Amino acid sequence: MTTDITDQSFINSLIEKERRAQASGGRWLMVPIIALTIAYLTPFYYLFVTIFKTTEEYATSGVLQLPQSLAPLVDNVVQAWTLANLGSAAINSLTYAGIGSALAVAFAAAAAYGMTRLNLLGANGWFMLIFTGTLFPFQMYLVPLLFGYQRLGLVNSWLGMLLIYVAICIPFPLLVLRNSFSGITREVDEAARIEGASEWRVFISMIIPNATGPLIALFLLQFTFIWNDLLFSSILANGIEVRSIMVALQSLQGTYSTTGPNVVITATLISSIPTVLMFVVLRKYFMAGLQLGNK
Amino acid sequence: MASSASHMLSPDVIKVARSRERRAAWQQTRVAWLFIAPAVIMVTVFLLTPVVFNVILSFTKWRKFTGLDQFAGMANYQRLFAVPYFSEALGNTALWVVGAIVFPLAFGLGLALLLRNIPFQETFKSLYFLPKVMAPTAVGAIWYYVYAPHGVINSAVSGLTGSDFDFGWIFVPETVTLSIIFTFVWQTVGITMVLLLLGLAAMPRDPLEAARVDGASQWQIFRHIIWPLLLPTVLVVTILNVAAGFTTFDLLWVMASSYPGKRTLSLAVYMYYESFSNGAWAYGSAVAVVLGGMVITVSAALAIIQSRVEKSIR
């Protein structure tokens, strides 16, 4: 007797069998996966028990032991906040990251528009010029930047920090946006141009709305990069009024610091809230940003 | 009306039309300049000019307070190999690059294959990705206490063995680099895994099914089907991780804050230490040039390999 392989019930039974085999394999795999994940997340467990301990409790109890009460958190936050001036540092970093990333993505978008939509002479040469900015390690910028900033009076200034962050966040978004703008059909803007729209209008109302996904993803990537930066801010702006949140965090930690681990760990949590929150809320865009590449 | 047709073809009219066209094209180029100007100016002033200046600087005797006075020829580069710190930093950087290639890839691939067909995959992906969203400074501060003498790892080992264990992971030369690389891997494995999962998901199912029907073992399927198809993704991940291996700074600087010989931990740290803790600007610039040369050479080589592999697959 032969089986009719086009018979729907036969196909369904095959699909069902395959699914069951996969599901049981999956169920068996869950044991090592969960064990591995628990081990992987131990530093986070450590973080969440530590923020509820006093310095004295931290020193006397085991580091992985549960805290005696939740109350010390308030004092830890207050200490971290006042010792490191976290409030003003957070506002500094929020403005560097928010404004810097928005300006960088806007400049990159405008440049990508000029390179893909207008008859720009030598468009490839201009692109290569900016793209060169992704090749060098940051270490090659530091000494000349510090020297130039000293000459221009930009050291320890809010504007100086913003300028370097904008510049450093332009090349990668340009690379991505040049690709995504090329993918938008030309009929859209040709029609608008015939209607008499200016290039600025075409850019703002035809191209930008068609690329919101990559634009948001790029904004998030660059925001995270600026918020997380220690290298540039530790050299160019370590003054207490302009320093970034990461410089403030670092000032709490290390050999010469007498701050208790419970306070330092609380400060790491506070300084991670904005980026982690953005990741949780806008996960879709973060993951899309990954597919664009990573910086 | 007939006369106007011949009038339109007269040389004069053609000339006028041509010049109008040229003017329109010229005008578009000028508009285009306005669009690219902010990006071009920012990148040229703040990134490219410093790089050129950095290279020039590396041939001078400049220190923080002496001012840019005289050229020193190759003196800074000769000094690199005359002091033991540089060679040590170079060796550790090599260790970092190898570690940044091998470990995230090995663990990331293992995780990706484990998580490929399981329920709650998205939740697991997010959990493993979370450390990447945090700053290396914050991750370093947490792991500083994880590795501390009475920190998480030593407590766990003490608890498991019953004896008192207080090894100084990031305080002794034998383990400091590997310990910090391990933290780097902890932070990077999630993004590596997510990228590899994307590569796996994009893979054609037919060859896999065919191999399974033919009775190929899991290892044979991986070795002869999954791995070659995944190679372009593997190379993308490798290019990202190699650059990170060469230049990681924040994590090292924070975690090695109590390590006496921290300047030797990598070229990125050595460059920072010499330039900004010692004020040897010209010498620090020379270190940066060497680092830049290595990063660009290795990245370019990998990019060429990647484009060849992609071509051969198509």
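Modeller: A definition to start us off: the radius of gyration is taken over C-alpha atoms, and the globule rule is 2.2 Å times the number of residues to the power 0.38. This is a predicted model, in which local features need pLDDT of at least 70, side-chain atom pairs count only at pLDDT 80 or more, and totals for chains, interfaces and linings use all residues. Residues are numbered from 1 along each chain as its sequence is written, while chains are lettered from A and ligands numbered from 1 in the order in which they are written.

Colleague: Thanks! What radius of gyration does chain B have?

Modeller: Its C-alpha atoms fill a box of roughly 110 × 75 × 30 Å along the principal axes. A compact globule of 314 residues would come near 20 Å, but chain B has 28 Å.

Colleague: And how many helices does chain B have?

Modeller: Helices are DSSP runs of H or I with at least four residues, and strands are runs of E with at least two, numbered from the N terminus. Chain B has 0 strands, and its helices number 13.

Colleague: Which helix gives the largest share of the largest nonpolar core?

Modeller: Such a core joins buried Ala, Val, Leu, Ile, Met, Phe, Trp, Tyr and Cys residues through C-beta atoms within 7 Å; buried means 20 or more other C-beta atoms within 10 Å of a residue's own, exposed 12 or fewer, partly exposed in between, with C-beta atoms placed from the backbone. The largest core has 172 residues, and those with the most contacts inside it include I170(A) and A39(B). The largest share, 15 residues, comes from residues 86–117 of chain A, helix α5.
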